[in-house]
Amino acid sequence: MNPKIIKVETIIVDLPTIRPHVLSMATMYQQSMVIIKVFSDDGIIGIGESTTIGGLSYGSESPEGIKLTIDQYITPLLIHQDATNIHAINQRVNKYISGNTFAKAGIETALLDAQGKRLNVSVSTLLGGAISTKLSVLWTLASGNTDTDIEEAKQLISENRHNTFKLKIGRNNPKKDVNHVSAIKKAVGDDIKITVDINQAWDESTAKKWIKVLETNGIDLIEQPINKTNFDGLARLTEYFSIPIMADEACCTIQDAYKLAKIRGGSVYAVKIMKSGGLYNASKIAGIGEGADIGMYGGTMLEGTIGTVASAHVFSTYNNLTWGTELFAPLLLVDDIVKKPITYKDCCLEIPEGPGLGIEIDDDKIEKYKRK
């Protein structure tokens with residue numbers, strides 16, 4: 001008799017950031033994470049996380065909404081189901097609940113963690129095995145001040161902690177933003193990669209004008225310069241420029257990835273388990289990209305350690321992780337809610353060893369930071 005799911009718990013945890021994190025759609029002072037525990041009658045507890053950015057700034061799910069969706073709608077579909085048959089559970093949840101990919105990703109993570117613990121293997125082993133147990137990780141410079149960002153980048157380079165940096169722009173006029181990015185690239189030198197995330201802030205004509213300047217100044221990658229619905233515009237920019245154009249908000253689902261691949265809307269895909277609805281869908285997107293000769297980039301919704309490790313497990317199985325990852329978010333938080341934090345060393349993240357995700361929740365920290 002296979003074990004059955006008997007209970008699901010959700011907790012919202014608010015963890016402060018080490019500094020204000022400036023994005024085009026919000027400025028973060030804390031990260032709110034929905035922590036999930038799935039209990040089965042064999043005594044195994046799987047842990048997961050569902051996290052978004054800036055409340056409702058990034059997507060259509062908020063921390064409060066995610067918790068409500070899981071508690072009110074997903075949990076009744078899980079109770080008494082076979083805890084080992086994750087595909088069947090996913091099919092059942094998708095049949096009755098549309099969208100809500102963030103909530104679904106957290107649940108799937110917890111189910112995979114539990115099954116890994118049950119079989120004494122890692123999540124990446126469940127997915128076919130890790131090609132590498134170390135993943136390159138960039139750092140986002142998001143103070144909003146050019147001199148501060150340059151100082152921060154040089155410090156991290158000297159510590160050999162990061163050799164690729166991402167700049168979030170789009171809140172200012174394009175000339176100011178482009179000058180900001182170009183000054184940082186000039187200061188750190190050609191050996192350091194600089195990527196730019198515009199977060200849909202430009203229209204197509206503005207993008208065409210200013211990406212040319214960024215390209216001339218040696219920027220290495222442009223992320224989602226225009227509105228996520230303008231697939232054809234993304235294809236035109238991809239064809240026009242030699243600098244790689246990355247689809248992020250435009251590439252959420254496997255259907256998005258397929259449509260973009262058909263028209264070459266982006267030469268790189270940013271994959272995030274939250275927007276794809278889980279690790280299995282993230283693997284399918286990588287497969288579409290591999291078939292279309294499109295590079296992958298391991299993205300983040302600035303999850304805490306649980307979501308970051310889950311992402312790392314699936315990204316470690318990719319053949320085409322051409323652009324590395326941005327799984328730095330635990331470093332952005334003042335504290336952690338796991339007993340042993342992730343190891344970041346030599347510009348890489350080391351995937352924890354052990355069954356499931358390979359991490360253990362610190363219940364005292366959960367109690368300290370949980371929303372009352």
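The largest cavity of this predicted model is lined by His21, Leu23, Ile53, Thr140, Lys166, Lys168, Lys272, Thr300, Leu302, Glu326 and Phe328. Its volume is about 60 Å³. In total, the structure holds 2 cavities of 30 Å³ or more.

Strand β1 spans residues 5–22 and includes Val8. This valine is buried, its relative accessible area being 12%. When residues up to four places away in sequence are not counted, Val8 touches Ile36, Lys37, Val38, Ile70, Thr75, Leu78 and Ile107. Met274 lies 266 residues from Val8 along the chain, and the C-alpha atoms of these two residues are separated by 19 Å.

Helix α7 comprises 13 residues (204–216). At 1.5 Å a residue a span of 18 Å is expected for α7, and the end C-alpha atoms are 18 Å apart, so the model agrees with the expected length. Within α7, the buried residues are Ala207, Trp210, Ile211, Leu214 and Glu215. Elements that cover these buried positions include the helices α6 (174–188) and α8 (231–240), together with the strands β7 (193–197), β8 (221–223) and β9 (245–247). Gly218 follows α7 and has a positive phi, near 85°.

Thr305 belongs to helix α12, which covers residues 305–315. With a relative accessible area of 2%, Thr305 is buried. The side chain of Thr305 makes a polar contact with the side chain of Asp336, at 2.7 Å. Asp336 also appears among the residues in contact with Thr305 once neighbours within four places in sequence are left aside; the others are Glu49, Pro330, Val338, Ile342 and Ile359.

With respect to cysteine pairing, a disulfide requires two cysteine sulfur atoms within 2.5 Å, and by this rule the count comes to 0 disulfides. For Cys348, which is in no disulfide, the nearest cysteine sulfur is that of Cys347, 6.6 Å away. The sulfur of Cys252 has its closest cysteine sulfur in Cys251, at 7.2 Å, and therefore lies too far away for a bond.

How values were computed: Residues numbered from 1 in each chain as written. Predicted model: local features only at pLDDT ≥ 70, side-chain atom pairs only at ≥ 80, totals over all residues. Heavy atoms only, no water. Helix = DSSP H or I, 4+ residues; strand = E, 2+ residues; numbered from the N terminus. Buried < 20%, exposed > 50% of the residue type's maximum accessible area, 1.4 Å probe, protein only. Polar contact = N/O pair within 3.5 Å; in protein donor to acceptor, adjacent residues only side chain to side chain. Contact = heavy atoms within 4.5 Å. Expected span 1.5 Å × (residues − 1). 1 Å grid on protein atoms, 1.4 Å probe; cavity = no way out; pocket = protein on both sides within 12 Å on 5 of 7 lines; lining within 4 Å. Points joined across faces, edges and corners; volume = space filled by probe spheres on them.
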